[in-house]
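Hello, and welcome to this short tutorial. Let us learn together how to read a protein structure.

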Amino acid sequence: MDVNEVLLPGVGMRYEFATREGDRMSVVALRSGDFELMTYEGVDPDEARVVFRLTREEADTLAGILGAPRIAERFADLTKEVPGLSAGQVEVRAGGPFVDRLLGETRARTRTGASIVAIVRGEEVIPSPGPEQVLHAGDVMVVIGTHDGIAQVEQIIQADQ
């Protein structure tokens with residue numbers, strides 16, 4: 001997908017693109033850290049109307065919602081070719097036993113046979129995290145393994161203290 005980037009001096013940066021159905025959209029990343037999502041008809045982005053405004057935190061939340069499932073879907077597509085192998089997502093919940101602890105302390109791979117292939121943190125994706133990666137509340141781990149292995153990783157990560 002082509003994304004056109006336009007510097008808006010004193011304002012921020014505008015990102016423009018067209019959807020598959022031909023709708024025109026733009027996202028303005030304001031210098032304040034907030035975002036404006038807009039739509040417009042035709043080719044003139046200056047005629048755009050604001051659909052909604054997001055704070056930095058709200059934009060991070062939206063990015064996490066949109067980003068994590070897409071990453072898991074990509075891995076799910078890859079695992080279709082290997083019988084018995086699946087992709088799943090496991091959230092690190094606030095208050096869980098491994099919040100602010102090292103991924104290696106979970107011993108998830110050793111205990112379950114499943115691999116944590118990425119961590120989605122807000123809009124950031126951490127590919128191939130090592131055992132020294134610190135887990136934070138709200139992280140979404142992308143896990144590859146058997147259905148049972150993924151379920152066991154979820155039990156480990158979300159177990160009551």
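The dialogue below walks through some features of this predicted model.

Q: How do I find empty space, and what lines the second largest pocket here?
A: Rolling a probe the size of a water molecule over the atoms shows where empty space is left. In this structure, the second largest pocket holds about 170 Å³ of space. Its lining is made up of Met1, Val3, Tyr15, Phe17, Val27, Ala29 and Phe35. By type, the lining residues are 7 nonpolar, no polar and no charged.

Q: Which strands each supply at least two residues of that lining?
A: They are strand S2 (12-18) and strand S3 (24-30).

Q: How do I read a sheet, and in what order do the strands of the open sheet with S6 come?
A: Follow the strands from one edge to the other. Here 4 strands with antiparallel pairing run in the order S6-S9-S7-S8. At the edges are S6 and strand S8 (124-127), each pairing on one side only. From one strand to the next, the twist averages 20 degrees.

Q: How many bridges join S6 to S9, and which helix packs on the sheet?
A: There are 6 bridges between these antiparallel strands. One partnership links Ala87 with Ile144 in S9. Helix H3 (residues 147-158) packs on the sheet, where it touches S6 and S9.

Q: Now the backbone: where does Asp100 lie, and is it buried or exposed?
A: Asp100 sits in the loop between strand S6 (86-91) and helix H2 (108-112). Asp100 counts as exposed because its relative accessibility is 54%, and exposed means over 50%. Its phi is positive, near 65 degrees, though Asp100 is a residue other than glycine. Arg107, found in the loop between S6 and H2, also has a positive phi, of about 55 degrees.

Terms used
Residues numbered from 1 in each chain as written. Predicted model: local features only at pLDDT ≥ 70, side-chain atom pairs only at ≥ 80, totals over all residues. Heavy atoms only, no water. 1 Å grid on protein atoms, 1.4 Å probe; cavity = no way out; pocket = protein on both sides within 12 Å on 5 of 7 lines; lining within 4 Å. Points joined across faces, edges and corners; volume = space filled by probe spheres on them. Nonpolar A, V, L, I, M, F, W, Y, C, P; charged D, E, K, R; others polar. Buried < 20%, exposed > 50% of the residue type's maximum accessible area, 1.4 Å probe, protein only. Pairing = 2+ DSSP bridges. Axes fitted to C-alpha atoms, helices over the stretch in contact; angles between N-to-C directions. Contact = heavy atoms within 4.5 Å.
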